[in-house]
Amino acid sequence: MNTLYDLPGHPLRQRGELLRLRKYGADWTLTHKAKGKEGLHKRRVESETKVADGAKMQAILAALGFAPKFRYEKCRAVWSDRNGHVVVDETPIGDFGEIEGRSRWIDHTAKALHLSKEDYITQTYAGLFFEWKEGTGDPAEEMTFVAVSKKRRRR
């Protein structure tokens, strides 16, 4: 489960930044993503740290004025080598792959997976969700398996 946080008025989103608290099994991680540089490959600085107590981290964020703004779920499979990694995410709105590494490695790996540069997507999950929501008319307010109507999920 991933929860994106922001302050009133959405200053992080307006700057193209992201603050995420992720729960994966019993593990919690807090991540800040700086504004990305768009292009064929998205580049952004990402700072991440493990969190010992997710509930306390939520309380700290709330005390600082941050509130949950968007939640999304995914089931992830990961493959990696010393140059980068490939993930496949099953989400409530469809399955997506992510290739992370240096640009040349991304392109080489994509080609090996029979993907063309036209297949590349650099949108965030929030962006993909709201685009999907507009296209389907689904009333879901978050990208969770419970919230998204099963009959509307694309595969």
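**Entry 1: Tyr 125**

I started with Tyr 125 and looked up what it touches, skipping neighbours within four places in sequence. Its contacts are Phe 70, Tyr 72, Lys 74, Asp 89, Thr 91, Phe 96 and Met 143. Note to self: this is a predicted model, so everything here is read from a prediction.

**Entry 2: the cores**

Next I looked up the largest nonpolar core, which has 14 residues. Tyr 125 is listed among those with the most contacts inside this core, along with Phe 70, Tyr 72, Ile 93, Phe 129 and Met 143. Which elements give two or more residues to this core? I found strand S5 (67–72) and helix H4 (125–136). H4 supplies the largest share, 5 residues. There is also another core, lying apart from this one, with 10 residues. Trp 28, Leu 30, Val 51 and Phe 66 are among its members.

**Entry 3: the aromatic rings**

Then I went after the rings. The structure holds 7 aromatic pairs. I picked Phe 70 with Phe 129: their ring centres are 5.4 Å apart and the planes sit at 45°, so I wrote this pair down as tilted. Phe 70 is in strand S5 and Phe 129 is in helix H4, so the pair ties together parts that are 59 residues apart in sequence.

Are these two buried or exposed? Phe 70 has a relative accessible area of 6%, so it is buried. Phe 129 comes out at 0%, so it is buried as well.

Phe 70 also forms an aromatic pair with Phe 130, and this one is tilted too, with 5.5 Å centre to centre and 45° between the planes. Again S5 meets H4, so here the linked parts are 60 residues apart in sequence. Phe 130 is partly exposed, with a relative accessible area of 41%. The cut-offs explain the label: 41% lies between the 20% limit for buried and the 50% limit for exposed.

Last thing on rings: I looked for a cluster. Phe 70, Tyr 72, Phe 96, Tyr 125, Phe 129, Phe 130 and Trp 132 form one aromatic cluster. So Tyr 125 from my first entry turns up here as well.

**Entry 4: the open sheet**

I moved on to the strands. In what order do the 5 strands of the open sheet run? I read S4-S3-S2-S1-S5, with antiparallel pairing. Strand S4 (46–51) and S5 stand at the edges with a single partner strand each, so one side of each has no neighbour in the sheet. Ignoring direction, neighbouring strands are turned by 25° against each other on average.

I checked one pairing in detail. Strand S1 (residues 2–6) and strand S2 (residues 18–24) pair in the antiparallel sense over 4 bridges. Leu 4 has Arg 20 in S2 as its bridge partner. A general reminder for reading any sheet: in a regular strand, side chains alternate between the two faces.

**Entry 5: S6, S7 and S8**

Here I followed the chain through two hairpins. Strand S6 (residues 75–81) pairs with strand S7 (residues 84–91) in the antiparallel sense over 7 bridges. A hairpin of 2 residues joins S6 to S7. Cys 75 has Glu 90 in S7 as its bridge partner.

S7 also pairs with strand S8 (residues 94–101), in the antiparallel sense and over 8 bridges. The hairpin from S7 to S8 likewise goes through 2 residues. For His 85, the bridge partner in S8 is Glu 100.

**Entry 6: after H4**

I finished with the segment after H4, where I looked up Asp 138. Asp 138 has 3% relative accessibility, so it counts as buried. A polar atom of its side chain lies 2.9 Å from the backbone nitrogen of Ala 140. I also checked a far-off residue: the C-alpha atoms of Asp 138 and Asp 81 are separated by 38 Å, with their places 57 residues apart along the chain.

Ala 147 is in the segment after H4 too. At 30% relative accessibility, Ala 147 counts as partly exposed. Which residues does Ala 147 touch, not counting those up to four places away in sequence? I found Asp 138, Ala 140 and Glu 142. The C-alpha atoms of Ala 147 and Tyr 72 are 9.8 Å apart, although the two residues are 75 residues apart along the chain.

Terms used
Residues numbered from 1 in each chain as written. Predicted model: local features only at pLDDT ≥ 70, side-chain atom pairs only at ≥ 80, totals over all residues. Heavy atoms only, no water. Core = buried A, V, L, I, M, F, W, Y, C linked by side-chain atoms within 4.5 Å. Buried < 20%, exposed > 50% of the residue type's maximum accessible area, 1.4 Å probe, protein only. Contact = heavy atoms within 4.5 Å. Polar contact = N/O pair within 3.5 Å; in protein donor to acceptor, adjacent residues only side chain to side chain. Phe/Tyr/Trp six-rings, centres within 6.5 Å; stacked < 30°, edge-to-face > 60°. Pairing = 2+ DSSP bridges. Axes fitted to C-alpha atoms, helices over the stretch in contact; angles between N-to-C directions.
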